[in-house]
Amino acid sequence: MNIKSKKIALIGTGMVGMSFAYAALNQNVCDELVLIDIDKLRSIGEAMDLNHGLAFSNTSMKIYAGDYSDCKDADIAVICAGVNQKQGESRLELLSRNAEVFRQVVSSVVSSGFSGIFLVATNPVDIMTRITYELSGFDSSKVLGTGTTLDTARLRFLLGEYFSLDPRNVHAYVIGEHGDSEFTPWTQALLATKPVKKVLEDNAQKFSKEDLDTISVQVKNAAQEIIKAKRATYYGIGMAITRIVRAILFNERSVLTVSARLQGEYGKQDVFLGNPCIIGRGGIDRTIELSLSCEELSSLHNSYEILQRSFCEIKL
Ligand code: NAD
């Protein structure tokens, strides 16, 4: 009997990487998890810590600190490695230093013989995903970023609270740049099968577009709010990565707003940004082009321009 085991290589075992690893262990999403970090001692300690919880889990996952050679037969390389912003450092300087980290990380993963799927979480995630695509030479279906997956989860949670509805029955997306120019195309938002626009019309005394706009702002500012309170965000993104990994490894063909390369959708090319995509064993199975209003399309083009400009600023 030949049962292929599911293997993940995690590069970057900081707060985000380990929140993913912890969620992956508790959700039993893979059979083997190798932890890689420039700080080897840290990944050794993290592997020990997780292994000590195995006896309380429902999995016999193999977890260990490893090296890039261990990526060879991995199904997914999850990249959460990155450097933090120094005091007085500009956004572009930070981006250049993270591009340098990726030059080393991506070439090491590729040199191992890895032929799986890259999943990037490091910020600015849309740019780092495009850098991974450029450096790896992989097909764009095999290079994706977390994009606006977490923002979409935040939106669905807040809309669920507002409309008193299970967030799983809220079908609304945050798209575009994972950052200030992201937005919600409300024309595409549904509560179960009913358009949100119609819900507002039918319940004008209870719900309003102004409240929805406030929710959009809350979604956009969520990361800053959390950072103000506890210095970093990691559990939500850890669970978002786990969700994407599950969709890939179990060939779910789930719709998730990952960062994916535009190939003519919305009349644009090359830029990676958050957009609903069908995710399965091969990575990005299909990119769904939404029927945006003129205003929504111009918001998407704004995200595109911002991301294109940022990418052109860095030298690869
Ligand atoms: P962290 O500082 O806790 O961890 C970063 C890790 O990367 C460290 O363990 C560090 O040793 C490692 N690293 C640095 N350079 C490396 C290299 N060359 N090779 C291998 N490992 C290297 O940071 P964190 O809180 O875990 O955040 C990681 C990234 O995730 C950041 O870029 C952060 O902005 C991003 N993030 C993304 C989202 C999202 O929605 N996509 C949400 C939260 C955080």
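User: Let me start with a small detail: which residue of E8 stands opposite His171?

Analyst: Leu190 in E8 stands opposite His171. Bear in mind that this is a predicted model. As for the general idea, strands of a sheet pair through backbone hydrogen bonds, either parallel or antiparallel. Here E7 and strand E8 (residues 190-191) run antiparallel and are joined by two bridges.

User: How do I place that pair in its sheet, and which strands are at the edges?

Analyst: Read the strand order. The sheet is open, with three strands in the order E7-E8-E9 and antiparallel pairing. Its edge strands are E7 (170-171) and E9 (194-195), each of which pairs on one side only.

User: Now the sheet with E13 in it: what is the strand order there?

Analyst: That one is E10-E13-E14, an open sheet of three strands, again with antiparallel pairing. E10 (254-256) and E14 (283-287) stand at the edges with a single partner strand each, so one side of each has no neighbour in the sheet. Neighbouring strands here are turned by 40° against each other on average, ignoring direction.

User: How many bridges hold E13 to E14?

Analyst: Four bridges, in the antiparallel sense, link strand E13 (residues 277-280) to E14. To find the register, look at Ile278, which stands opposite Arg286 in E14.

User: On to the ligand. How many residues surround it, and which are the closest?

Analyst: The ligand has 22 residues around it, and the closest are Val16, Asp37, Gln104, Ala121 and Thr146. By class, this shell holds 10 nonpolar, 10 polar and two charged residues.

User: Which polar atoms should I check, with 3.5 Å as the cut-off?

Analyst: Try three of them. Asp37 has a polar side-chain atom 2.6 Å from a ligand oxygen atom. Gln104 puts a polar side-chain atom 2.9 Å from a ligand nitrogen atom. With Asn123 you need to look at the backbone: an N or O atom there lies 3.1 Å from an oxygen atom of the ligand.

User: And how much of the ligand does the protein cover?

Analyst: On its own the ligand has 870 Å² of accessible area, and the protein covers 86% of that. Two elements give two or more residues to the shell, namely helix H1 (15-26) and helix H3 (91-111). H3 gives the most, with three residues.

User: You mentioned Asn123. What is the peptide bond from Asn123 to Pro124, cis or trans?

Analyst: For this you read omega. The bond from Asn123 to Pro124 is cis, with omega near -10°. Pro124 sits in the loop between strand E5 (117-120) and helix H4 (125-136). So much for omega; phi is worth a look too. Asn28 has a positive phi of about 50° although it is not a glycine. You'll find Asn28 in the loop between H1 and strand E2 (32-36).

User: Last one, zooming out: what is the radius of gyration, and how do I judge it?

Analyst: Set it against what a compact globule with this number of residues would have. For 316 residues that would be near 20 Å, and the chain has 19 Å, which agrees. Along its principal axes, the C-alpha trace spans about 60 × 45 × 45 Å. In secondary structure, the chain has nine helices and 14 strands.

Methods:
Residues are numbered from 1 along each chain as its sequence is written. This is a predicted model: local features need pLDDT of at least 70, side-chain atom pairs count only at pLDDT 80 or more; totals for chains, interfaces and linings use all residues. Side-chain values use heavy atoms; hydrogens and water are left out. A residue is near a molecule or strand if one of its heavy atoms lies within 4 Å of it. A polar contact is a pair of N or O atoms within 3.5 Å; within protein, one must be able to donate a hydrogen and the other to accept it, and residues adjacent in sequence count only if both atoms are side-chain atoms. Accessible areas come from the Shrake-Rupley method with a 1.4 Å probe; for residues, only the protein chains shown count as cover. Ala, Val, Leu, Ile, Met, Phe, Trp, Tyr, Cys and Pro count as nonpolar, Asp, Glu, Lys and Arg as charged, and the others, Gly among them, as polar. Two strands pair if DSSP finds at least two bridges between them. Axes are lines fitted to C-alpha atoms, for helices over the stretch in contact, and angles run from 0 to 180 degrees between N-to-C directions. The radius of gyration is taken over C-alpha atoms; the globule rule is 2.2 Å times the number of residues to the power 0.38.
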